[in-house]
Amino acid sequence: MSKIGFLTDSCSDIPQELADKYGIEVVGFPINLDGVEYMERKDFTNDQFYQMMRDAQGVPTTAAITQLQFCDIYARYADEGYTDLVYLSINAGGSSTYNNAVKAMELLEEERPGYTMKIQVIDSHTYSMPYGWYFCECARKVRNGGELAACVAELKQKLDCVEICLAAYSLKQMKKSGRVSAAAAVVGDLLGIRPIISLNAGVSKVESKVRGDAAVPAAMIKWVESRVDSMKDTPYMVAYTSSTARRDELVKLCKKAFGHAPLIVFQLGGVVSANTGPDGIAIVYEGKPRNLEAYAPELP
């Protein structure tokens, strides 16, 4: 009889209640801030981390989950009699975590020679709940009797279409992390310029710029409209950081534009907000199968 395990990392931003409900183990990323190392999902809440970023002198940095960590996790599942383990990873292009998870299978052979558990390591090609949500759906269907191969194939199909539209209300964190130049950040904040950023297949791109906070939600929805055939038929999610007022305004406008409620409203966790800052909102939606040629990286 099959015994299937589901594993992901904390960048997935899966709420703990959903992880518990569907039997998904979430491995935390280490995050260093001002010389102190913290473990996401253990040492702070999302709201605490936003405030920590505001108070910090430097910028948070993240480290990959190591091969040895993965090997220990794999060995535990093998020892507990699992027949299958599925790990869905943070975008491989933005972290060495995916490669570490793959290489850990070789280490496991040394630790548990002849182990029979089948391990699948999947690159999500994205960040946050865009892969967390669909992983929950995959696990839910398998737990309800779905065939693993079919559920994983559907998961990959969804991940091939998911896109993110992000807006940052302050460029301070992006300036600190080097994602925008200091001059551009200062001018942008002084003039109230807010970038509308797409994230497709792990590649970020500034699609437009608007002036003033009030113009942000409409500009985001306009971008999504340009990417899908029908808003009415498009599943979507809403993400936020510290501002519940901005969250509520975006949800209200999205409900009107899409004609239906979001699949979920969620907070961006430490790994993502370490790069975007504590003042942002996002729309996640199912677009068309990605065309990577249209997305040339803007950043090294």
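This is a short talk about the strands, helices, loops and one pocket of a protein model.

Hi everyone, and thanks for coming. One thing before we start: what we have here is a predicted model. Let's walk through it piece by piece.

I'll begin with strand β1, residues 4-9. Strand β2 covers residues 24-27, and the two pair in the parallel sense over four bridges. If you'd like a spot to look at, find T8, which stands opposite V26 in β2. Now bring in helix α1, residues 16-22. Together, β1, α1 and β2 make a β-α-β unit, and that unit is right-handed.

Let's stay here for a moment and look at the loop. Between β1 and α1 sits D13. What is the phi of D13? Its value is near 60°, which is positive, and D13 is a residue other than glycine. As background, most residues other than glycine have a negative phi. Is D13 buried or exposed? With a relative accessible area of 8%, D13 is buried, because the cut-off for buried is under 20%.

There is another residue with a positive phi, further along the chain. S128, also a residue other than glycine, has a phi near 65°. You'll find S128 in the loop between β7, residues 118-123, and α5, residues 129-143. S128 is buried too, with a relative accessible area of 3%.

Since we have reached β7, let's see what surrounds this strand. Five of its six residues are buried, so β7 is largely enclosed by the rest of the structure. How does the chain get from β6 to β7? The path goes through helix α4, residues 97-111, and this β-α-β crossover is right-handed. Strand β6 itself spans residues 84-89, and it pairs with β7 in the parallel sense over six bridges. Here Y87 stands opposite V121 in β7.

Next comes a sheet with antiparallel pairing. It is an open sheet of three strands, in the order β4-β3-β5. Which strands are at the edges? Those are β4, residues 36-39, and β5, residues 61-62, and each of them pairs on one side only. Strand β3, residues 30-33, pairs with β4 in the antiparallel sense over four bridges. One pair to click on is N32 and its bridge partner E37 in β4.

Now a helix. In α2, which runs over residues 46-55, you can see that F49, Y50 and M53 are buried. Where do the buried residues of α2 sit when you look down the axis? They fall within an arc of 105°, so they line one face of the helix.

On to the pocket I promised, which is the second largest, with a volume of about 270 Å³. How many residues line it? There are 13, and the ones nearest its centre are I14, P15, Q16, R41 and N46. Sorted by class, the lining has three nonpolar, six polar and four charged residues.

My last stop is C254, in helix α10, residues 244-258. C254 is buried, with a relative accessible area of 0%. Try locating Y236 as well: Y236 and C254 are 18 residues apart along the chain, and their C-alpha atoms are separated by 8.9 Å.

If you remember one thing, let it be the two loop residues, D13 with a positive phi and S128 with a positive phi as well. Thanks for listening!

Methods. Residues are numbered from 1 along each chain as its sequence is written. This is a predicted model: local features need pLDDT of at least 70, side-chain atom pairs count only at pLDDT 80 or more; totals for chains, interfaces and linings use all residues. Side-chain values use heavy atoms; hydrogens and water are left out. Buried means under 20% relative accessible area, exposed over 50%, partly exposed in between (1.4 Å probe, protein chains only). Two strands pair if DSSP finds at least two bridges between them. The arc is that of the directions from the helix axis to the C-beta atoms. On a 1 Å grid over the protein atoms alone, a cavity is a set of points where a 1.4 Å probe fits but cannot get out, and a pocket is an open set with protein on both sides within 12 Å along at least five of seven lines; lining residues have an atom within 4 Å of a point. Grid points are joined across faces, edges and corners, and a volume is the space filled by probe spheres set on the points. Ala, Val, Leu, Ile, Met, Phe, Trp, Tyr, Cys and Pro count as nonpolar, Asp, Glu, Lys and Arg as charged, and the others, Gly among them, as polar. A crossover is right-handed if, with the strands pointing away from the viewer, the path from the first strand over the helix to the second runs clockwise.
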